[in-house]
Amino acid sequence: MKHLFFYLFCLLALLHVAGCGDRHPAYVIGVSQCSDDDWRTQLNMEICREAQFYPNVSVEVRTANDDSRQQIRDIDALTARDVDVLVVSPNVVDDITPAIDRARSKGIPVILVDRRTRSQQGTAYVGADNYDIGRQAGEYIAHRLQGKGKMVEITGLSASTPAIERHKGMMDVLQGYPDIQVVAQADAGWLENRAETVFDSLLHLYPHIDLVFAHNDRMAAGAY
């Protein structure tokens with residue numbers, strides 16, 4: 001996450017060096033979060049904490065609570081305010097893309113965090129290689145099951161890039177193991193309680209499961 005802070009504040013310094021002596025906020029960082037969970041709450045706190053070292057910088061955080069339409073409204077509102085930088089964690093791939101493009105058309109730098117969109121206009125991306133995460137999971141699954149067994153995949157929000165890329169990485173590996181069957185897949189939206197509910201239903205349909213791959217730890221806990 002240090003790279004995110006480095007990028008943000010180097011960019012702000014380049015915008016207007018003379019503003020560094022101004023005690024009134026001269027620059028606004030707009031943050032649009034797709035969801036409200038412990039990880040993102042901590043991320044917001046760290047962005048705001050870092051901004052406190054820069055008296056001429058203020059941060060406005062908006063959270064969409066997993067609602068793409070709300071996130072579009074949030075991004076458009078921050079764009080209308082002419083914020084100096086937008087930090088966006090997109091809820092889903094396609095829905096948020098036009099809002100990102102609208103911000104970029106006004107010359108606002110957009111830093112995507114954790115998730116991507118289909119926009120080619122984003123200024124930077126800070127996050128994991130989710131395809132590689134899925135690939136490594138696939139290799140572990142093949143090793144753990146010794147090339148044979150039945151498994152269930154509990155995905156994050158299926159239209160979000162981490163879920164898409166983690167699934168693809170896993171499946172690309174498992175294509176080489178025809179005796180490993182993905183008997184079911186369920187979207188639990190990254191949420192523990194939803195994973196518990198969907199997996200409970202799956203257990204009635206598939207009582208003999210050798211392994212469960214969940215896309216994050218909270219869903220793993222719910223399935224467990």
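Trainee: How does Arg-102 count at 37% relative accessibility?
Mentor: Arg-102 counts as partly exposed (buried is under 20% relative accessible area, exposed over 50%, partly exposed in between; 1.4 Å probe, protein chains only). This is a predicted model, where local features need pLDDT of at least 70 and side-chain atom pairs pLDDT 80 or more, while totals for chains, interfaces and linings use all residues. Residues are numbered from 1 along each chain as its sequence is written, and side-chain values use heavy atoms, leaving out hydrogens and water.

Trainee: Which side chain does Arg-102 meet in a salt bridge?
Mentor: Asp-76, at 3.1 Å, N to O. A salt bridge is a side-chain nitrogen of Lys or Arg within 4 Å of a carboxyl oxygen of Asp or Glu. The pair links distant parts of the chain, 26 residues apart: Asp-76 sits in helix α3 (68–80) and Arg-102 in helix α4 (93–105). Helices (H or I, at least four residues) and strands (E, at least two) are DSSP runs, numbered from the N terminus.

Trainee: And Asp-76, what's its relative accessibility?
Mentor: 28%, so Asp-76 is partly exposed.

Trainee: Switching topic. How many salt bridges does the structure hold?
Mentor: 12. One of them joins Arg-40 and Asp-114, with the closest N and O atoms 2.7 Å apart. Arg-40 lies in helix α2 (38–51) and Asp-114 in the loop between β4 (110–113) and β5 (124–126), so the pair ties together parts 74 residues apart in sequence.

Trainee: Are those two buried or exposed?
Mentor: Arg-40 and Asp-114 are both buried.

Trainee: What else meets Asp-114 in a salt bridge?
Mentor: Arg-115, at 3.7 Å, N to O. Arg-115 is buried too.

Trainee: Which residues make up the network of salt bridges?
Mentor: Asp-37, Arg-40, Asp-114, Arg-115 and Arg-218.
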